[in-house]
Amino acid sequence: MRGIPQGRYTREFRQEAVKLVVGDKTSCCEAAQKLSLAPLTLAYCIKACKEGKLGEIGKTQKPLTEVEMELAWTKKELVKVKMGRDILKKAAAYFARESLHGTPR
C-alpha cells in the first residue's frame, strides 16, 4: 500500500486545530484523531503557533483545487470501504467455517 500523501490544510483549519488543543484542553492525539490528521502534524502546528509562525506554514505550497480535494476525499473513503469489506469477508468465512463444523455428518 502506498503512503498517505502529504496533506494540505487551510490556514483556518490549522488555527481551529490548534484552538482545539490549546483552548479546549483536548489532548494532541485525540484532537488529531478527531480531525483525521497525523498527531505530528498537529504538534508541529501547535509549536509554530507558540512561536508565532503558524501563518507561515504552507505558504510555498499551491492551494488544492476543488477537484483535488474531492479526489483526496474519495480516495480516503475508498480505503475505509475496502477495510470494511475485508472485515466482512473474514467474518463471513469464519462463520461459514463454524457452521460446517457444527453440522452432523
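Two residues are said to be in contact when heavy atoms of theirs lie within 4.5 Å. I begin with that definition since much of this talk concerns contacts. Please note also that the structure shown above is a predicted model.

Let me start with the overall architecture. The protein has 4 helices and 0 strands, and the order along the sequence is α-α-α-α. Of its 105 residues, 14% count as buried. The protein exposes about 9,000 Å², and 61% of that area is supplied by carbon and sulfur atoms. If we take the contacts between residues at least 6 apart in sequence, 50% of them join residues at least 24 apart.

I turn now to the pair formed by helices α2 and α3. Helix α2 covers residues 28–35, and helix α3 covers residues 39–50. Which residues of α2 and α3 meet? From α2 come C28, C29, A31 and A32, and from α3 come P39, L42, A43 and I46. Sorted by class, the residues of this contact are 8 nonpolar, no polar and no charged.

How are these two helices oriented? Their axes come within 8 Å and cross at roughly 115 degrees. Angles of 65 to 115 degrees count as roughly perpendicular, and α2 and α3 are therefore described as roughly perpendicular to each other. The crossing in which α2 passes α3 is right-handed.

Next, the pair formed by α1 and α2. Helix α1 spans residues 11–22. The axes of α1 and α2 are 9 Å apart, and the helices pack at an angle of about 140 degrees. That angle makes α1 oblique to α2. Here, too, the crossing is described as right-handed, with α1 passing α2. On the α1 side the contact is made by F13, A17, L20 and V21, and on the α2 side by C28, A31 and L35. By class, this contact has 7 nonpolar residues, with no polar and no charged ones. You may notice that C28 and A31 have appeared before: they belong to the contact with α1, and they also meet α3.

Let us now consider the loops on either side of α2. As general background, most residues other than glycine have a negative phi. Which value does phi take in K25? It is near 60 degrees, a positive value in a residue other than glycine. K25 lies in the loop between α1 and α2. Is K25 buried or exposed? With a relative accessible area of 71%, K25 is exposed, because exposed means over 50%.

A second residue with a positive phi is S36, at about 60 degrees, although S36 is not a glycine. S36 is placed in the loop between α2 and α3. Its relative accessibility is 47%, so S36 counts as partly exposed.

Finally, I draw your attention to Y9, which is found in the segment before α1. Y9 is partly exposed, with a relative accessible area of 27%. Which residues does Y9 contact, leaving aside its neighbours within four places in sequence? They are R14, L37 and T41. Of these, R14 falls within the range of α1, residues 11–22, and T41 within that of α3, residues 39–50. In addition, Y9 and I57 are 48 residues apart along the chain, while their C-alpha atoms are separated by 9.4 Å.

To close, I suggest returning to the model and locating helix α2, with its contact to α1 and its contact to α3. Thank you for your attention.

Terms used
Residues are numbered from 1 along each chain as its sequence is written. This is a predicted model: local features need pLDDT of at least 70, side-chain atom pairs count only at pLDDT 80 or more; totals for chains, interfaces and linings use all residues. Side-chain values use heavy atoms; hydrogens and water are left out. Buried means under 20% relative accessible area, exposed over 50%, partly exposed in between (1.4 Å probe, protein chains only). Accessible areas come from the Shrake-Rupley method with a 1.4 Å probe; for residues, only the protein chains shown count as cover. Axes are lines fitted to C-alpha atoms, for helices over the stretch in contact, and angles run from 0 to 180 degrees between N-to-C directions. Angles under 35 degrees count as roughly parallel, over 145 as roughly antiparallel, 65 to 115 as roughly perpendicular and the rest as oblique. A crossing is left-handed if the near helix is turned anticlockwise from the far one by less than a right angle, and right-handed if clockwise. Ala, Val, Leu, Ile, Met, Phe, Trp, Tyr, Cys and Pro count as nonpolar, Asp, Glu, Lys and Arg as charged, and the others, Gly among them, as polar.
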